[in-house]
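Q: I am new to this structure and would like a close look at a single part of it. Could you walk me through one helix and the parts around it?

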Amino acid sequence: MISPRLAFASLCLFLASIVTAATPKPVHVALIFDDGPDAAQTPKLLAVFAKQKVHVTFGTMGKNAEANPRLLKRVVAAGHEVVNHSYSHQQPKDLTGEALDAQVADGQRLITAAAGRAPVWYWPPYIAIDDRVRASVAKAGLRIYTPRKLVASGDYMTDVDAAEILRRATTGIEDGTVILFHEWRPETATQMKAVLKELKRQGCVFLTFSELAKYLGQ
Ligand SMILES: [Zn+2]
């Protein structure tokens, strides 16, 4: 026969295991959507985020901000963060110092004009960061966002299909991870509901770049 004391201890352990299982440690992540605004796909993404009550970050290009100012204002009004993803997505190695300065500064000027708010982060095309990029970004009064860990959905490669985008975007996620997507890929928008559902199942909470930087003390 089990003693009352042992039975009580077993019950406590059992209840503790339920509480532990019910409240997993939150995994703080930031989702970034690059190269927009995209007139066809960005509205679909905004609809999913509004329904799921999730805020993300948009890596906006200056020339696309100039072409879609109303859409960019909708992004900001919905509570998402907009960061500077250059004027026109050139590879920095192909540019003179002056042209590189212009990619950063023109991007900043046009995004600020269209969004009605100045980005505080530079998010480099191709995540190409060297001393020249750092110098141009510093000149523009910006900071480069450097992820603690980056997980790429692979959605910029057309041979990565919808199921693979979901798999890659939800694999190896740790506290502080930035998950990279592209606004122009239709499959990314159609998979976003499933991506968010799986990330929520893993205990993810969704922060913008600035919120994640604050949380990580960056
Ligand atoms: Zn890009």
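A: Happy to! Please keep in mind that this is a predicted model. Let's settle on helix H8, which covers residues 186-201, and work outward from there.

First, a little orientation. The protein chain has 218 residues, and 38% of them are buried. Its secondary structure comes to 9 helices and 8 strands. Among contacts with a separation of 6 or more, 76% join residues 24 or more positions apart. Keep that in mind as we see which elements meet H8.

Now to the helix itself. H8 has 16 residues, and at 1.5 Å a residue they should span 22 Å; the end C-alpha atoms are 24 Å apart, which agrees. The helix also has a kink of about 50°, centred on Met192. Met192 is one of the buried residues of H8, together with Thr188, Ala189, Gln191, Val195, Leu196 and Leu199. Just after the helix, Gly203 takes a positive phi of about 90°.

What lies over those buried residues? The cover includes two helices, H2 (42-52) and H7 (162-169), and three strands, E1 (27-34), E7 (177-182) and E8 (204-206).

Leu196 is a good residue to pause on, as it sits in H8. It counts as buried because it has 22 C-beta neighbours inside 10 Å, where the cut-off is 20 or more. Leaving out residues up to four places away in sequence, Leu196 touches Gln52 and Val54. You can also find Ala169 from here: it is 27 residues from Leu196 along the chain, and their C-alpha atoms are separated by 9.6 Å.

Next, follow the cover to H2. The buried residues of H2 are Thr42, Leu45, Leu46 and Phe49. They cover an arc of only 100° around the axis, so they are on the same side of H2. The cover over these residues includes H8 itself, along with E1 and helix H4 (69-77). Just after H2, Lys53 takes a positive phi of about 55°.

Strand E1 appears in the cover of H8 and in that of H2, so it deserves a visit because 6 of its 8 residues are buried, which makes the strand mostly covered. E1 also pairs with other strands. With E7 it pairs in the parallel sense over 6 bridges, and Ala30 has Val178 as its bridge partner in E7. With E8 it is joined by 3 bridges, again parallel, and there His28 has Val205 as its bridge partner. A further 3 bridges join E1 to strand E2 (residues 57-60), and these two run parallel as well. In that pairing, Phe33 stands opposite Phe58.

Ala30 also belongs to the largest nonpolar core, which has 47 residues; Ala30, Leu31 and Ile32 touch the most other members. The largest share of this core, 6 residues, comes from helix H5 (residues 97-115). To see what surrounds Ile32, set aside residues up to four places away in sequence: Ile32 then touches Thr57, Gly59, Trp123, Val178, Leu180 and Phe181. Val178 is the residue we met as the bridge partner of Ala30.

One more stop is the loop between E1 and H2, where you will find Asp35 and Pro37. Asp35 is not a glycine, yet its phi is positive, near 85°. With 20 C-beta neighbours inside 10 Å, Asp35 counts as buried. A little further along, the peptide bond from Gly36 to Pro37 is cis, with omega near 0°.

For a companion to Asp35, look at the loop between strand E3 (81-84) and H5, where Ser86 lies. Ser86 has a positive phi of about 80° although it is not a glycine, and it is buried, with 28 other C-beta atoms within 10 Å.

To retrace the route on the model, begin at the kink centred on Met192 in H8. Then look to the elements that cover the buried residues of the helix, including H2 and E1. From E1, the parallel pairings lead on to E7, E8 and E2.

Technical notes:
Residues numbered from 1 in each chain as written. Predicted model: local features only at pLDDT ≥ 70, side-chain atom pairs only at ≥ 80, totals over all residues. Helix = DSSP H or I, 4+ residues; strand = E, 2+ residues; numbered from the N terminus. Expected span 1.5 Å × (residues − 1). Bend = angle between axes of the 7 residues up to and from the residue. Buried ≥ 20, exposed ≤ 12 C-beta atoms within 10 Å, placed from the backbone. Contact = placed C-beta atoms within 7 Å. Core = buried A, V, L, I, M, F, W, Y, C linked by C-beta atoms within 7 Å. Arc of directions from axis to C-beta. Pairing = 2+ DSSP bridges.
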